[in-house]
Every structure is written in structure tokens, then in C-alpha cells.
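New to this one? Take a look at the sequence and the fold first, and then we can walk through some of the local details together.

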Amino acid sequence: VRYDASAGNIASSTIDGRTYGGVVEIYSNSATARTVTLASDTYTTSGANSHFHVIADGNSPGDVTIDGATNNPAVNIGGNLDFTGTGTASEAITSGSGTWTVTGNVDFTGGTYTASTNNTLAMNGASKTITSNSQSLENFSITGGSVSNADALTVAGNYNLSSGTFTHGADVNVVLLGDAVNIASGATFTKATATGILIMDGLSDDQWFEDLNGTKQDLGSVQIGQSPGTTKLKSDFSASSLTIASGDTFETHGWEVDISGNIDCQGTCDFDLTDVVPSNEGDGTIVTFGGNWTMSATGTFVPSTTSRVEPDGTADQTVTTGGKAFWDFYSNNAGGTDTVDDVIISGAFDVDGALTVNDGELDLETNDPATDVEGNISITSGAELNASSTGSFNAAGSWDNNGTFTANSGTVTFDSADTGE
């Protein structure tokens, strides 16, 4: 079916909401701008080849606009949603607040998609792509099938992966600005295979992330914020690397954070491990990471009395403290030999809870940090604590050495005010 607006605008009373069995074309070859207004109905194109095309074959300024904002229709497209005009005029859609569901590909190249407040673009096709052409969506949902982004994707509202698979494009960023980032149980998020970054930027300071899978999805390279913004957890969280941008906040609310690579808290970042309501887990955050830990000296790190930071890589790791205190620190590097199992501390090393060296070597000798441990110190069999030759080492709790303690030429001062340590 072709709705031809070449001779004039098309009213909503003419383009009625119904089920179409084939391709629907909104067309004009006029040099005058035309508007086609959708009714407050449901529009359905049924079948995988039932595409919805907006076609401006005229010359500028003969643009063609689909107006969904006036009556807020629901649109269900069995095939592709695409701008396919060949003229110098352009195509445009203003969505309205209804949901547009597309089973085929979405390609906004050559035109403009203006997502109205509360609009949702949903995709559910197998092996489909979205090309947003630098245009922001409102809400975006994957409700089945397998979908990937062909170019950079920005979602101003909520992101919901309720079923199926979303594959982050290899070299392009996905930016999520809304209040909710949800991954349902059984849904799959496939991380970018190259330089693509997942940026979660809670502009309202109230963005909540939740992954309901038993095994959490590896989100790839994750950046918290573009300054300022706040992202909060409602579940455990897994990624290949984590960067908290300067001016941005990441609140764990007691949920676990598992990073296979580096954690980098930059500038005036805020990394908050406090286990507080709402939506908190209640048993304290454990942060595990397989790469390096870099904490800015001007940033904020807030451990809770139930939190633990655990380097657990298989190669040497450097922990740059930025002068920030940990609560429990659990050194657990599983490198296969003595040359690749070091956790190297750089900067003042303050542990307000317990210090455990469970595996590998905790290296205080390379950078000679001042070390102050308020809780108990435990060295497990097979593990090593390599002390600084020149840096101070104060211990206020008990000392339990079942592994190797290398004193070098340093001194450990036991400064507990309590008896029985």
C-alpha cells in the first residue's frame, strides 16, 4: 500500500490503523514539505517482508514527515523500518508516546527519528540491526530474537533487554542515560569485541542497573558517566573493565562487582560500596578484579564495614590507592609462578578491616608504601607478604602467618590499644 502525499498532506482519517499484508510506503515526490498524520490506532504490517518505508523522492524542501506525536499510535512492523527516498528532500518520523515494534531492521540513515516522551522502540527479530544515524531513542527494548547496533546508539530513557540477545557493535559506543538498565533472566548481552564502550550515565542521578541472570552478563568495557551522573546497582555486576569518570558516581548498594580487567576511578569520581537501602543486597559488596586498580587522589572511595576489595588476577597487578582506605583487603592473585603473581601496592596502604594474603604475593617492597592495618592480618599457606624495607608498617590486630613473610629490612609495629590481639 502506498500513501502518496505528493499532492498534499494526508490526514489521520485517511491513513487508518489496521493490519496490512504487505509493504506500506509513505511517499511524496513533491518539492513542498508534506505531513502524514497517523491516527490514535494500531498499525500493523504483517509478515517478514511487510516493510514500512518513508520515501521522499522530491527535491528539498519537499520533506516527508510521519506525525505520530498528534495521536500517539502503536505501530507493529513485521519487516524493516527504513527511509528509502532518493530525492534531495529528507524523511522524518515523530513517534508519539506509543510503542513502535519492529521485527526487521531499523535504519534511520538519511532521515530523522524524533522519539517523543514515553515512546518505546522495541525490536524482536532474528539477526537484525539498528542504525540510529546519531539520533537518540527514548526507551529501547529488545523483546526477542537477536539485535545488534550498527552504529553508535544513545538511549535517553530506559533500556530493557527482556528476551533474546543484544550484541553491542564492535567499535561503536552504547550510551544509556535513563533511569533503568534491565537485563531479564534468560536474556543475553554480548559485549563489544573491539573498542566499543558501554556508557551508563544516570543523568537524573537515579539510574538503576539490574541483571537477573544467575551468571551475570559480561558487559565488556563499561564507563560510568559522562559527568555528572549516578548509576546504582540492584544486582551483581560483571564487566571486562570499569571506568568511573570524573564527576560521576557508582553506588553498589551491597551487590558484588566482578571485573576481569582494570578498575579506574578518575578525577573527582565517587566509588561507593555502602550497603544501604533502597534495593540493597544486605551482605556487603565484594569487588573482584583481574587487572589493575587505579584510584584518583582527588576522587572518593567509600568502603562499608562489610565490603571487601579482592585482586584476583593471574598476572601481576598494581593497586594504586590514591591514599584511600579499604575495609577488608583480600589479596588473591592466582598467577602460576612467582614472577606473575604479585599484587603491587602503590600509595598509602590503609586497611581499616582485615588484611588477608590468600594467594600469590602482596608486594609492599617495590613502592615502599606506608601501611596501616586496623584489623587482623592473615597469610595463607603458599602465599607471601613481602614487606617494605623503608615504609612504615603498623598492625593493630592479630597476626596469623601460615605462609611466607619477607621482612626485608623493615619494621612491623604492633600498635593495638586492646589486649589479647
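What follows is a short tour of backbone oddities and ring arrangements in this predicted model.

## Two cis peptide bonds

Let's start with the backbone. Most peptide bonds are trans. The bond from S60 to P61 is cis, though, with omega near 15°. To find P61, look in the loop that runs between strand 6 (52-56) and strand 7 (64-67).

Further along the chain, V277 and P278 are also joined by a cis peptide bond, and here omega is about 0°. P278 sits in a loop as well, between strand 31 (270-272) and strand 32 (286-289).

## Asparagines with a positive phi

Next up is phi, which is negative for most residues other than glycine. N72 is not a glycine, yet its phi is positive, about 55°. You'll find N72 in the loop between strand 7 and strand 8 (74-77). Is N72 buried or exposed, or something in between? With 36% relative accessibility, N72 counts as partly exposed, because the partly exposed range lies between 20% and 50%.

N408 has a positive phi too, near 55°. Its place is the loop between strand 47 (404-406) and strand 48 (412-414). The relative accessible area of N408 is 39%, so N408 is partly exposed.

## A buried asparagine that touches N408

N386 belongs to strand 44 (residues 384-386). Its relative accessibility is 11%, so N386 counts as buried. What does N386 touch, leaving aside its neighbours within four places in sequence? The contacts are E361, L362, D363, L364, E365, T406 and N408. That last name is the positive-phi residue we just met.

## Rings meeting rings

Now for the aromatics: the whole structure holds 24 aromatic pairs. One of them is F108 with Y113, a stacked pair with 4.5 Å from centre to centre and 10° between the planes. F108 is buried, with a relative accessible area of 1%, and Y113 counts as buried at 3% relative accessibility.

There's also an aromatic cluster to pick out. Its members are F209, F237, F250, F271, F289, W293, F301, F326, F329 and F349.

## Arginines over rings

Finally, check out two arginines that lie over ring faces. R2 lies over the face of Y27, at 3.8 Å from the ring centre. R308 does likewise with Y330, at 4.3 Å from the ring centre.

Key. Residues are numbered from 1 along each chain as its sequence is written. This is a predicted model: local features need pLDDT of at least 70, side-chain atom pairs count only at pLDDT 80 or more; totals for chains, interfaces and linings use all residues. Side-chain values use heavy atoms; hydrogens and water are left out. Helices (H or I, at least four residues) and strands (E, at least two) are DSSP runs, numbered from the N terminus. Buried means under 20% relative accessible area, exposed over 50%, partly exposed in between (1.4 Å probe, protein chains only). Contact means heavy atoms within 4.5 Å. Rings of Phe, Tyr and Trp (its six-membered ring) pair if their centres lie within 6.5 Å; planes under 30 degrees apart count as stacked, over 60 as edge-to-face and the rest as tilted. A charge sits over a ring if NZ of Lys or CZ of Arg is within 6 Å of the ring centre and within 35 degrees of the ring normal.
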